[in-house]
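Colleague: I have the coordinates open. Take me through the reasoning behind the labels.
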Amino acid sequence: MFAKVAFPISGFKTFSYIIPKNLKENIQVGTRVEVPFGKRIVKGIVTELQLSVSFKGHLKEIASIVDDLSIMTPELWSLIKWISTYYLTPIGKVAKAVFPKTLSTRYKPPICWYVKVVENYDKKNLILLKKRAPKQYTVFNHLINNNIIIKVGDLSKYCSSPMAICKSLEKIGLVKLIEKTLLPDATGFIFDPIHKDVIFNEKQKNVLKSIIKSIDKNKFESFLLHGVTGSGKTEIYIDAVRHCLLSGKTAIILLPEISLTPQIAGRFKSVFGDQIALWHSKLTQSQRSWTWTQICKGSFKVVIGARSAIFSPLKNLGLIVIDEEQESSFRQDSPEPRYHARDVALVRGTFEKSIVVLASATPSLESYYNYKQNKLKYLHLPERFGVAEYPTVHLVDMLSEQKESGKYGQVISGLLQDKIEDRLSKNEQIILLHNRRGYSPVIRCSDCGEILNCHQCNVALTYHQKNLQLLCHYCGHKESSLDKCCSECKSTNLLYKGTGTQKVEHLIKDTFGDVRIARLDMDTSKTGLGITSILKSFAKGDIDILLGTQMIAKGLDFPNTTLVGIINADLGLYIPDFRSGERIFQLIYQASGRAGRKDKKGEVVIQTYAPDNPVINNASELDVLKYYNIILQEREELNYPPYSWLAKIEITGASRDSVNNQANTILDNFENRYGGLEILGPVPCYLERVKNRYRYQIVLKSLKKIDINGKLLHSFIEENMERFNKNFPSRQNRINIHFDPLSLI
Ligand code: ADP
Ligand code: ZN
Ligand code: ZN
């Protein structure tokens, strides 16, 4: 027997190996193996078993099998093949993204001991105890009075060696010690469990009924759950998962960035406890291996995590939920495969015969369109749960504010200032959104007007107050702001323009004196732990104002937050990308959704210099469908998705001329163009140079009316690029192909 093996390399070629007798039983399609390759032993994946091979040279033997348990299911294998074909990525590379490097690990999660009082314990023992062992008696008394399961370590307030005391108490039959494995959630993402009595209202019940009915059918179905923020979507996922578990099925919940949504993860954890695995980028390599192995073995029934959780090897999958399905973090752009977890989820759903729920208050235009085309079933929750109402929105025109007050470049308008004061005096909390980090995002020479750019990228440097540094937010380049001068005229008269979160924080402190403010952006929260601890303080009421970038716009549920301020709603509005409007609309809408989530009515203040811009305007009316219908019309006129299939061929390299030439050669050599295909470019990207590499792109749009399932565009690119790579191989430049890219900058 022979096996074809694929490696994580750029080519699509596979290599044949002999399967030695001792491995025959255990090698199947999808098995990871180690094989000699040149002078090295490398890892690859078996893509095909063969009875004979046509290769005439010397065949080598497979050396060993990588994993000691079966990691592949037929459904997962089909998914890997689909990703490889759809995103034009060699199977070896796809497998590398899907599986942890190795499954063998010595990692074992730590153990924690809990203690609880035994039911019907013998009261006689207690009387004896009081006389003979007063310490044990005190501890026992504490346990019985509070009637709880408690961590043994937490008893150290009452005695110096709680474990010994608990063991003695266990011996005389008063308590029971319980061993619990501390699962790797690594960063304390978990909020303390809150138990809620959930009684669904009629609308929620109907949505849930449709989902549960569909789960029971054992076939693929897909839904768009469009529910306003606070309508109870999360409670519905929880109940749907409960139903899956009761019927012996498993579930995957995808969240945009799990470290930003500790509350949601916490809510799941409090209901399902140790049946849940958290899967996210902050896990260490060994925690990954351990978690993956446990999923394969069936110890976890639910996986909740960021985009790559879509590859979890759960068996008998009943439900996949993608929460905030419009979020761009579900897309991976680098490294390959450049996939979208939402689309992968839909395909996995068809292989697994499970249902897929795309959920959001602001669906992506694609999903909205797919619902209009009857490709997704629509479930709607148009109201918030309970008495919570939607917030009142005030739109502040900063230009007229500027004229009236005579103050230029004002960051906080009079109205927002009044509202903040009002809420502070009522001991209510405030969330301020400003989607730009740093102190000043632009530094301009006051003599010649030049803007200071990063030397590796054509991107303006941002001034950060901490360490007085200038930072490039694209490549991470840092330099001191001291002795900095203009690169053109060497003048040291530099103006620090614009506003980042650090400056807003500074101004708030200046204006409101001893207000307790916390800032949440990439600079204050490098770890999940940092984020959770800030959010926990806010939840406890130790913080009055939470200021942050888009990190604070979603998933948070703090009932005492009654005011949301959007400092500059226009940020990003003028970026030349067909999705910039949609993104800003969603951000404003999501952020507004943080206000007034319980019995206290909320308010939102949106500050803008463009109050008539349709994006800002419609966002301030919180009118999703109205805006979506406008923007769909625009997209249709310009042949953008969802009316066309989009692909981007990106060429990067160190020399601008060479990149430009290559891009033009690609264009000149396109063959077999078809009606319905529109080709734009090549043009330099909006970010023309990043990390010293020049970037050019060719954009292809293929009209859905003609190219119904995108196959024409796929074949066009595949055939042309294959021929191009053969005829014009280049070592200098890199060519990246993006199917369904989210952005064109
Ligand atoms: P969404 O995910 O749509 O933003 P949530 O599920 O977070 O909404 O619901 C908002 C708040 O209302 C949460 O605190 C949630 O626990 C509560 N809630 C929603 N539905 C119910 C219900 N049927 N019974 C009790 N509380 C509910
Ligand atoms: Zn200058
Ligand atoms: Zn840079």
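Colleague: What makes helix α10 and helix α3 the two extremes in confidence?

Modeller: This is a predicted model, with local features needing pLDDT of at least 70, side-chain atom pairs counting only at pLDDT 80 or more, and totals for chains, interfaces and linings using all residues. Residues are numbered from 1 along each chain as its sequence is written, chains are lettered from A and ligands numbered from 1 in the order written, and side-chain values use heavy atoms, without hydrogens or water. pLDDT is the predictor's confidence in each residue, from 0 to 100. Helix α10 (residues 341-352) has the highest mean among the elements, 98. Helix α3 (residues 123-132) has the lowest, 79. Helices here are DSSP runs of H or I, at least four residues, and strands are runs of E, at least two, numbered from the N terminus. The protein averages 90, and 97% of the residues score at least 70.

Colleague: Which residues are closest to ligand 1, and how many surround it?

Modeller: The shell has 18 residues, and the closest are K196, G230, T234, E235 and D557. A residue belongs if one of its heavy atoms lies within 4 Å. Helix α7 (residues 233-246) gives the largest share, three residues.

Colleague: What makes the E235 pair with ligand 1 a polar contact?

Modeller: A polar contact is a pair of N or O atoms within 3.5 Å; within protein, one must be able to donate a hydrogen and the other to accept it, and residues adjacent in sequence count only if both atoms are side-chain atoms. A polar side-chain atom of E235 lies 2.5 Å from an oxygen atom of ligand 1. The T234 side chain has an N or O atom 2.6 Å from a ligand oxygen. For G230, a polar backbone atom is 2.8 Å from one.

Colleague: Why is the site of the zinc ion (ligand 3) called tetrahedral?

Modeller: Its donors are C454 (SG), C457 (SG), C472 (SG) and C475 (SG), at 2.3 Å. Donors are N, O and S atoms within 2.8 Å of the metal (3.2 Å for Na, K and Ca). Four donors count as tetrahedral if all angles lie between 85 and 135 degrees. Here the angles are 106 to 113°, so the arrangement is tetrahedral.

Colleague: What spacing do these donors follow?

Modeller: C-x2-C-x14-C-x2-C. C457 lies in the loop between β18 (442-445) and β19 (462-464), and C472 in the loop between β20 (469-471) and β21 (478-480), so the pair ties together parts 15 residues apart in sequence.

Colleague: What makes the zinc ion (ligand 2) tetrahedral?

Modeller: C445 (SG), C448 (SG), C486 (SG) and C489 (SG) coordinate the zinc ion (ligand 2) at 2.3 Å. The angles there are 104 to 115°, which makes the arrangement tetrahedral. The spacing is C-x2-C-x37-C-x2-C.

Key:
Four donors count as tetrahedral if all angles lie between 85 and 135 degrees; four count as square planar and six as octahedral if opposite donors are over 155 degrees apart and all others between 65 and 115; anything else is irregular.
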